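Hello,

Here is the structure I promised to pass on to you. Have a look at it first, and then read on for my notes below.

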Amino acid sequence: MNRPRSRRALLASVVTTAAVATGGFEHVSNAANRPPLESGTVPADWYDCQSVTRHEPITPIDDGALEPRPYPPLPSGSVSEAADNSSAQSPPPSLVDSAAEYVTEFERAYRRNAFIARFGNMTRTFDLRRRAHRTAAIGSSTNADAVMVALRYDLTLGTQQSAADPRDEWDIRVTYYVDQNIVLRARYNGVAKDLSFEPDPRRQGELVACLH
């Protein structure tokens, strides 16, 4: 039996989202209904799985078209062991790397599937190249419960008409929040010199995966 939809989930269902030219979603948060983030983590009952917003396209029938990419499972190991790259307590590199790699692969699937959902049989070229990332633990200093990742990447997209001259996008920035229950994603559309955790996906993000 499904749980009743949470207050945040009901709000999310009526928030206007728009597909941009590359097929991504943009989300406008309601500042009056942000979760209580005393610990930095999102309450477990703030979302439910009915509120997941992401593309799940069918495979195009054209043999030359791109195929959808599966969304990755949560990386092995506890996200609570990840920590900020610049923190005094240096975490095991494998944990930091797994968080960044997970988000990179999730973003790659998210953008590729959005592209296929928009152009279907016309899709020909997709290439996402990560340029930088930043990872931070969320929670207490000794027992973090979640991880935040900021990602910067370049993207090349091409359709059947533009296969010989695909379109490039540079310096795309997204932020992710990942815990044992959910994955939240937000995209930054401004210009910034440094890679930061803005917009905060806990407050301005879309629910893109429900892990339980």
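Before the hairpin comes up, one term: two strands count as paired if DSSP finds at least two bridges between them. Please also keep in mind that this is a predicted model.

Now to the strands. S5 (residues 167-178) and S6 form a hairpin, with 3 residues between them. Their pairing is antiparallel and runs over 6 bridges. One residue pair to display is Tyr-177 with its bridge partner in S6, Leu-184.

S6 also has a partner in strand S7 (residues 206-210): the two run antiparallel and are joined by 4 bridges. Leu-184 turns up again here, standing opposite Leu-207 in S7. So Leu-184 is bridged to Tyr-177 and faces Leu-207, which makes it a handy residue to centre your view on.

How enclosed is strand S6 by the rest of the structure? Largely, because 6 of the 7 residues in S6 (residues 182-188) are buried.

The other spot I looked at is Thr-104, which sits in helix H2 (residues 93-119). Its relative accessibility is 3%, and since the cut-off for buried is under 20%, Thr-104 counts as buried. Setting aside neighbours within four places in sequence, Thr-104 is in contact with Leu-128, Arg-130 and Leu-151. With one of these, Arg-130, there is a side-chain to side-chain polar contact of 2.9 Å.

Happy to talk any of this through once you have had a look.

Best wishes

Methods:
Residues are numbered from 1 along each chain as its sequence is written. This is a predicted model: local features need pLDDT of at least 70, side-chain atom pairs count only at pLDDT 80 or more; totals for chains, interfaces and linings use all residues. Side-chain values use heavy atoms; hydrogens and water are left out. Buried means under 20% relative accessible area, exposed over 50%, partly exposed in between (1.4 Å probe, protein chains only). A polar contact is a pair of N or O atoms within 3.5 Å; within protein, one must be able to donate a hydrogen and the other to accept it, and residues adjacent in sequence count only if both atoms are side-chain atoms. Contact means heavy atoms within 4.5 Å.
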